[in-house]
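Trainee: Could you take a close look at the side chains here and how they meet? Please go step by step.

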Amino acid sequence: MSGRAQSRSAARLAAVQALYQQRMEGTAPARLLNEFHQHRLGRAIDGDQYAEADVDFFDDLVSGTLARSDEIDALLEERLAEGWSLARLDRTLLQILRAGSYELLARADVPVGTAISEYVDVAHAFFDEREAKFVNGVLDKVAKAVRT
């Protein structure tokens with residue numbers, strides 16, 4: 001994986017963590033971004049070294065996902081299986097889907113396959129295969145809706 005690809009992967013994982021934190025704590029977006037810039041991105045935390053992240057890409061993922069949250073949630077809600085709602089989803093899983101949907105919506109510079117594969121990898125960091133397949137399926141439906 002190239003340095004740019006690695007730094008974007010790190011940015012995606014950090015963006016999901018930031019979105020989760022924002023949902024749980026209600027942290028103001030500017031404060032949230034600053035906290036990640038100062039204390040998380042590319043730092044060692046509890047003995048784990050975090051990869052250098054593409055900071056501009058991270059900022060766009062977090063800010064864009066938050067700014068377009070209503071649009072993203074409507075897009076996701078329409079693509080969940082019958083009987084499912086966003087409220088039923090695990091909170092981390094929901095942030096993965098939101099960030100992935102934003103990237104598919106707003107980042108035409110990122111190929112569909114790359115975006116989906118990256119968020120499936122993020123899902124693997126937190127969940128088992130079942131949830132990763134769920135992320136793949138939902139984001140594939142989102143991609144078909146927004147990238148045609």
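Mentor: Start with a word you will need: a helix here is a DSSP run of H or I at least four residues long, and helices are numbered from the N terminus. Keep in mind that this is a predicted model.

Now go to Gln21, which is found in helix α1. Its relative accessible area is 8%. Buried means under 20%, so Gln21 counts as buried. The side chain of Gln21 makes a polar contact of 3.2 Å with the side chain of Glu35. Leaving out residues up to four places away in sequence, Gln21 touches Gly26, Thr27, Leu32, Glu35, Phe36 and Arg40.

Step back to the whole chain. The protein chain has 7 helices and 2 strands. Along the sequence they follow the pattern α-α-β-β-α-α-α-α-α. For 148 residues, a compact globule would have a radius of gyration near 15 Å; the chain has 14 Å, so the two agree. Buried residues make up 45% of the 148. Take the contacts with a separation of 6 or more: 69% of them join residues 24 or more positions apart.

What sits inside? In soluble globular proteins, nonpolar side chains tend to be buried together. The largest nonpolar core here has 44 residues. Those with the most contacts inside this core are Phe58, Val62, Leu76, Ile96, Tyr119 and Val135. Seven elements are worth finding on the model: α1 (3-25), α2 (29-39), α3 (55-67), α4, α5, α6 (112-126) and α7 each give two or more residues to the core.

Pick Ile96 from that list. Beyond residues up to four places away in sequence, Ile96 touches Val16, Tyr119, Val122, Ala123, Phe126, Phe127 and Val135.

Next, the rings. A pair of aromatic rings is described by the distance of the centres and the angle of the planes. Searching the whole structure gives 3 aromatic pairs. In one pair, the ring centres of Trp84 and Phe134 are 6.2 Å apart and the planes are at 45°, so this pair is tilted. The two rings come from distant parts of the chain, 50 residues apart. Trp84 is in the loop between α4 (69-77) and α5 (91-106), and Phe134 is in helix α7 (residues 129-146). Trp84 is partly exposed at 35% relative accessibility. Phe134 is partly exposed too, at 24%.

Phe126 and Phe127 form another pair, with centres 6.4 Å apart and planes at 55°, so these rings are also tilted. Check the exposure of each partner. Phe126 is partly exposed, at 37% relative accessible area. Phe127 is buried, at 17%.

Charged side chains meet rings as well. Arg88 lies over the face of Trp84, 3.8 Å from the ring centre. Arg8 lies over the face of Phe57, at 4.0 Å from the ring centre.

Finish in helix α7, where Asp140 lies. Asp140 is partly exposed, with a relative accessible area of 31%. The side chains of Asp140 and Lys144 are joined by a polar contact of 2.6 Å. Ala99 is 41 residues from Asp140 along the chain, and their C-alpha atoms are 14 Å apart.

Notes:
Residues numbered from 1 in each chain as written. Predicted model: local features only at pLDDT ≥ 70, side-chain atom pairs only at ≥ 80, totals over all residues. Heavy atoms only, no water. Phe/Tyr/Trp six-rings, centres within 6.5 Å; stacked < 30°, edge-to-face > 60°. Buried < 20%, exposed > 50% of the residue type's maximum accessible area, 1.4 Å probe, protein only. Lys NZ or Arg CZ within 6 Å of the ring centre and 35° of its normal. Core = buried A, V, L, I, M, F, W, Y, C linked by side-chain atoms within 4.5 Å. Contact = heavy atoms within 4.5 Å. Polar contact = N/O pair within 3.5 Å; in protein donor to acceptor, adjacent residues only side chain to side chain. Rg over C-alpha atoms; globule rule 2.2 N^0.38 Å.
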